[in-house]
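Thanks for coming. I will take you through one structure, and I will keep to the packing of its side chains.

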Amino acid sequence: MSLGHTTFFVALADFDGHTLKHFYQALLEQDPIVDVPDVYAEFALAGLRIGLFKPNNTHRTEFESLSSGSMSLCIEVESIEDAIAHLTTLGYPPPGPIQHTSHGREIYAYDPQGNRLILHDATATVLG
C-alpha cells in the first residue's frame, strides 16, 4: 500500500486571514489561484503550492505557540541581491548577511509572522 499522493504543498497559518496573503502576493508578484477572503489563499509556483489559512478559533493557540522551528520555505532566486532589495522594499529586509555555503549563496529572511524564508542562489560560485 502506498501513500497515493498527488502533490505536496506548504500550508502556513495566517492569523488575521490577510497579512500573509498580501505579503506573499507582493513577494511573488502574483495573485492567488484560490482566494476565499479572510479564510484561505493559495499560490501556485513551479513545483509547489503555498496555502495560507486562517486557523479556526479552537486551534488558534496551537499555531500561535509555534516558532519558526526547523522548517523553512526555500526560494531559489536568480539574483540574491535583487531578492534582498525586493524584500527590503516590502519592509522585511533580511536581518543578517549573505552566507556563502557549499551549495551557493543564501540569506535568511522572515515573513510578517516569523516564518523563515531562505533565499538561495545556486548559480553563485560554490566553495570547494
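Before I count anything, a word on terms: two rings of Phe, Tyr or Trp are a pair if their centres lie within 6.5 Å, and planes over 60 degrees apart make the pair edge-to-face. Please also keep in mind that this is a predicted model.

By that criterion there are two aromatic pairs in the structure. One is formed by Phe23 and Tyr24: the ring centres are 5.0 Å apart and the planes stand at 90 degrees, so this is an edge-to-face pair. The other joins Phe23 to Tyr92, with centres 5.1 Å apart and planes at 80 degrees, so that pair is edge-to-face too. It links distant parts of the chain, since Phe23 belongs to helix 1 and Tyr92 to the loop between helix 3 and strand 6, 69 residues apart. Taken together, Phe23, Tyr24 and Tyr92 make one aromatic cluster.

How buried or exposed are these rings? Tyr24 is buried, with a relative accessible area of 0%. Phe23 has 4% relative accessibility and also counts as buried. Tyr92, at 30%, is partly exposed.

Next, helix 1. Its buried residues are Leu20, Lys21, Phe23, Tyr24 and Leu27. Looking down the helix axis, you find them within an arc of 165 degrees, so they line one face of helix 1. One of them is a lysine: Lys21 has a relative accessible area of 12%, and because buried means under 20%, Lys21 is in that class. What does Lys21 touch, if we skip residues up to four places away in sequence? The list is Asp14, Pro32, Asp35, Ala41, Phe43 and Leu52. Just after helix 1 comes Glu29, with a positive phi of about 55 degrees.

Helix 3, residues 80-89, can be read in a similar way. Here Ile80, Ala83, Ile84 and Leu87 are buried. They fall within an arc of 100 degrees as seen down the axis, so they too line one face. As general background, an α-helix has 3.6 residues a turn, so residues three or four places apart point the same way. On the face turned away from the buried side of helix 3 are the exposed residues Asp82 and Thr89. The buried residues of helix 3 pack against helix 1, strand 7 and strand 8. After helix 3 there is Gly91, and its phi is positive, near 95 degrees.

That brings me to the core. The largest nonpolar core has 19 residues, and Leu12, Tyr24, Leu52 and Leu117 have the most contacts inside it. At least two residues of this core come from each of strand 1, helix 1, strand 4, helix 3, strand 7 and strand 8.

Take Leu117 from that list. Leaving aside neighbours within four places in sequence, Leu117 is in contact with Phe23, Tyr24 and Leu27, with Leu73, and with Ile107, Tyr108, Ala109, Tyr110 and Asp111. Tyr108 has a further partner: the charged end of Arg116 sits over the ring of Tyr108, 5.3 Å from its centre.

To come back to the rings, the cluster is Phe23, Tyr24 and Tyr92, and Tyr24 is among the residues with the most contacts inside the largest nonpolar core. I will stop there.

Definitions and conventions: Residues numbered from 1 in each chain as written. Predicted model: local features only at pLDDT ≥ 70, side-chain atom pairs only at ≥ 80, totals over all residues. Heavy atoms only, no water. Buried < 20%, exposed > 50% of the residue type's maximum accessible area, 1.4 Å probe, protein only. Helix = DSSP H or I, 4+ residues; strand = E, 2+ residues; numbered from the N terminus. Arc of directions from axis to C-beta. Contact = heavy atoms within 4.5 Å. Core = buried A, V, L, I, M, F, W, Y, C linked by side-chain atoms within 4.5 Å. Phe/Tyr/Trp six-rings, centres within 6.5 Å; stacked < 30°, edge-to-face > 60°. Lys NZ or Arg CZ within 6 Å of the ring centre and 35° of its normal.
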